[in-house]
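Work through the exercises below with the sequence and the 3D view open beside you. Try each task before you read its solution.

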Amino acid sequence: PSVTKDAMRATADDLARMDECLAHSERAADIAEFEYWDGMLHVAIVAAAKNGMLTALYESINDLRGQAEWRRLKERSVTPERRGVYGGQHHSIVQALKDRDAARARAELRRHLEKVRRNLFGS
């Protein structure tokens, strides 16, 4: 399954929830609040796919995001500059979903995940 292809099923309510998550993450006062809304954006994108298998898979991933080691990695790697970059990438992903452009959404999502991986692990 492809979250970006399936997320093309997003309803107006799904897209509004993504916008809400973006707005909250931009206003986040600290890394913990940013991380919460970042996670909620991911949940909103997966929920928009309306795919039970993807939802179950992401629930497992989200459980990992709640573990102490993940929090330590994020605290060490998320700077104000990187939050800005991530926010811009999130906006690009959501805009591609709004435009119903699966190829662009997939490319934006891949670019975002690769950037986060490099920032977290340096590779």
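**Exercise 1. Find the place of K50 in the chain, and decide what marks its backbone and how exposed it is.**

Step 1: K50 sits in the loop between α3 and α4, where helices (H or I, at least four residues) and strands (E, at least two) are DSSP runs, numbered from the N terminus. Before going on, note that this is a predicted model, in which local features need pLDDT of at least 70 and side-chain atom pairs count only at pLDDT 80 or more, while totals for chains, interfaces and linings use all residues. Residues are numbered from 1 along each chain as its sequence is written, and side-chain values use heavy atoms, with hydrogens and water left out.

Step 2: The phi angle of K50 is positive, at about 55°, although K50 is not a glycine.

Step 3: With a relative accessibility of 46%, K50 counts as partly exposed; buried means under 20% relative accessible area, exposed over 50%, and partly exposed in between, with a 1.4 Å probe and protein chains only.

**Exercise 2. Carry out the same analysis for R100, and then turn to D101.**

Step 1: R100 belongs to the loop between α6 and α7, and its phi is near 60°, a positive value in a residue other than glycine.

Step 2: The relative accessible area of R100 is 41%, which makes R100 partly exposed.

Step 3: D101 is also placed in the loop between α6 and α7, and at a relative accessible area of 27% D101 is partly exposed.

Step 4: When residues up to four places away in sequence are not counted, D101 touches M8 and A96, a contact being heavy atoms within 4.5 Å. D101 and M8 are 93 residues apart along the chain, yet their C-alpha atoms are separated by 7.8 Å.

**Exercise 3. Which residues of helix α5 are buried, and which residues does the face turned away from them carry?**

Step 1: Helix α5 comprises residues 68-77, and within it W70, L73, K74 and S77 are buried.

Step 2: Seen down the axis of α5, the buried residues fall within an arc of 95°, so they line one face of the helix; the arc is that of the directions from the helix axis to the C-beta atoms. As background, an α-helix has 3.6 residues a turn, so residues three or four places apart point the same way.

Step 3: On the face of α5 turned away from the buried side, the exposed residues are E75 and R76.

Step 4: The cover over the buried residues of α5 includes α3 (31-48), α4 (52-65), α6 (80-98) and α7 (102-121).

**Exercise 4. Compare two residues of α5, S77 and E69, by their accessibility and their surroundings.**

Step 1: S77, which is found in helix α5, has a relative accessible area of 4% and is therefore buried.

Step 2: Once the neighbours within four places in sequence are left aside, S77 is in contact with R82, N119 and L120.

Step 3: E69 is likewise found in helix α5, but at 39% relative accessibility E69 counts as partly exposed. The C-alpha atoms of E69 and N119 lie 15 Å apart, with their positions 50 residues apart along the chain.

**Exercise 5. How far apart in space are A48 and S77, and is A48 buried or exposed?**

Step 1: A48 is part of helix α3, and with 0% relative accessibility A48 counts as buried.

Step 2: From A48 to S77 the C-alpha separation is 29 Å, and the two residues are 29 apart along the chain.

**Exercise 6. Describe the chain as a whole, from its elements to its dimensions.**

Step 1: The chain has 7 helices and 0 strands, and 41% of its 123 residues count as buried.

Step 2: With 123 residues, a compact globule would have a radius of gyration near 14 Å, and the chain agrees, because its own value is 14 Å; the radius is taken over C-alpha atoms, and the globule rule is 2.2 Å times the number of residues to the power 0.38.

Step 3: Along its principal axes, the C-alpha trace spans about 35 × 25 × 25 Å.

Step 4: Of the contacts between residues at least 6 apart in sequence, 70% join residues at least 24 apart.
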